[in-house]
Amino acid sequence: MYSQGLIGADGRTTESEEFLARFQARIDAEEKIEPTDAMPEGYRRTLVRQIGQHAHSEIVGMLPEGNWITRAPSLRRKAALLAKVQDEGGHGLYLYCAAETLGVSREEMTEELLTGKAKYSSIFNYPTLSWADIGIIGWLVDGAAIMNQIPLCRCSYGPYARAMIRVCKEESFHQRQGYELCMSLAFGTPEQKAMVQDALNRWWWPSIMMFGPHDADSQHSDQSMAWKIKRFSNDELRQKFIDATVPQAEYLGLTLPDPDLKWNEEKGGYDHGPIDWSEFWRVVKGQGPMARDRIKARKKAWDEGAWVREAALAHAEKRRARKMAAE
């Protein structure tokens, strides 16, 4: 653990104005903050919350797609989906490891997830009703994730930024894979096009909500941007995503389910209709269609995997003991 290097990590260290000013000067100078560097407790807590939520989202995000591995329509599609789900598990591992450098254990983070204290992306509380949903998740959900995550490669916290470089490369491939699947359906039979249009109708607004509440309603955005954990606001990223996605939908001949969507020449981007924030907050608070099933599946996996973790630790301890004896 690296918590000994964290200012305020024990809850007792006083953070002087001088210390906070020096820290902010490092941030403003684009220096990377490393695990053993002194940092404000608020900075550490913000990172633990954000990286933990990100890691949980990667792991829970395996569930809606994993549901379709056995029902993929061809061996090619099955292999591609299996590889993608495996990638998401790896992303969760990178991120849990990054969070651990901040003095929090994976057991603590998992406990907070299972008790509802920690959140994951609300998008994964929706069901995957058809094979087209898998394509839409790749195109829209991974596309929104990329829009969020590419700026994180320049996050001020070194371990998080470095983890995101590989994550973004793989997520970019996932997005292209999803779009290619949607293209096959949209340019296929009328029934296939209707299926992908139905999936788009169900996933468009939840994808838009992935960027979080409007800037005026976001509790953490201003401070996160000052610390350069985030580089763009929620609304800025949402706008970039919409502007990039509309031409892609037009190429596929699909209709985005927003009658108010139109080009605004003055701002050089698309205006969109009102977002149903009541649905967003309902899903975030655990009332989404699949919320109970997702947590139940994670608890089952955590409990049934206990023996694997114990065996791995015992094996590592045995190897360590042998190495010490040999020396």
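How many Å should the 20 residues of helix α2 (residues 41-60) span, and how far apart are its end C-alpha atoms? At 1.5 Å a residue the expected span is 28 Å, and the end C-alpha atoms of α2 are 28 Å apart, which agrees. The expected span of a helix is 1.5 Å times one less than its number of residues. Helices here are DSSP runs of H or I with at least four residues, numbered from the N terminus.

This is a predicted model, in which local features need pLDDT of at least 70 and side-chain atom pairs count only at pLDDT 80 or more, while totals for chains, interfaces and linings use all residues. Residues are numbered from 1 along each chain as its sequence is written, and side-chain values use heavy atoms, with hydrogens and water left out.

Helix α2 is mostly covered, with 17 of its 20 residues buried. Buried means under 20% relative accessible area, exposed means over 50%, and partly exposed is in between (1.4 Å probe, protein chains only). Helix α6 (residues 131-149) can be checked in the same manner: its 19 residues should span 27 Å at 1.5 Å a residue, and its end C-alpha atoms are 26 Å apart, which agrees. Helix α6 bends by about 35 degrees at Ile137; the bend at a residue is the angle between axes fitted to the seven residues ending there and the seven starting there. Because 18 of the 19 residues of α6 are buried, this helix is largely enclosed by the rest of the structure.

The loop between α6 and α7 holds Tyr157, which is buried with a relative accessible area of 0%. Beyond its neighbours within four places in sequence, Tyr157 is in contact with a list of residues that includes Lys32, Pro35, Tyr43, Leu47, Ala98 and Leu102. Contact means heavy atoms within 4.5 Å. Ile123, 34 residues from Tyr157 in sequence, is 26 Å away in space, C-alpha to C-alpha. In helix α7 (residues 158-186) lies Glu170, buried at a relative accessible area of 16%. Leaving aside neighbours within four places in sequence, Glu170 is in contact with Asp87, His91 and Tyr94.

Helix α4 (residues 75-100) contains Ala79, which is partly exposed with a relative accessible area of 45%. Cys97 also lies in helix α4 and counts as partly exposed at 35% relative accessibility.

Salt bridges come next. A salt bridge is a side-chain nitrogen of Lys or Arg within 4 Å of a carboxyl oxygen of Asp or Glu, and a search of the whole structure finds 22 of them. One joins the side chains of Asp142 and Lys84 (2.6 Å, N to O). Asp142 lies in helix α6 and Lys84 in helix α4, so the pair ties together parts that are 58 residues apart in sequence. Both Asp142 and Lys84 are buried.

Another salt bridge joins the side chains of Glu30 and Arg231 (2.8 Å, N to O). This pair links distant parts of the chain, with Glu30 in the loop between α1 and α2, Arg231 in the loop between α9 and α10, and their positions 201 residues apart. Glu30 is partly exposed at a relative accessible area of 42%, whereas Arg231 counts as buried at 18%. The phi of Glu30 is near 65 degrees, a positive value in a residue other than glycine.

The loop between α9 (221-226) and α10 (234-252) also holds Lys230. What is the nearest side chain of opposite charge to the buried Lys230, and how far away is it? That side chain is Asp215, 6.1 Å away, and Lys230 has no salt bridge. For charge, Lys and Arg count as positive and Asp and Glu as negative, while His and the chain ends are not counted. The side chains of Lys230 and Asn234 are joined by a polar contact of 2.7 Å. A polar contact is a pair of N or O atoms within 3.5 Å; within protein, one must be able to donate a hydrogen and the other to accept it, and residues adjacent in sequence count only if both atoms are side-chain atoms.

Within helix α10, Arg238 forms a salt bridge with Asp235, the closest N and O atoms being 2.8 Å apart. Arg238 and Asp235 are 3 residues apart, about one turn of the helix.

Note on methods
Helices (H or I, at least four residues) and strands (E, at least two) are DSSP runs, numbered from the N terminus.
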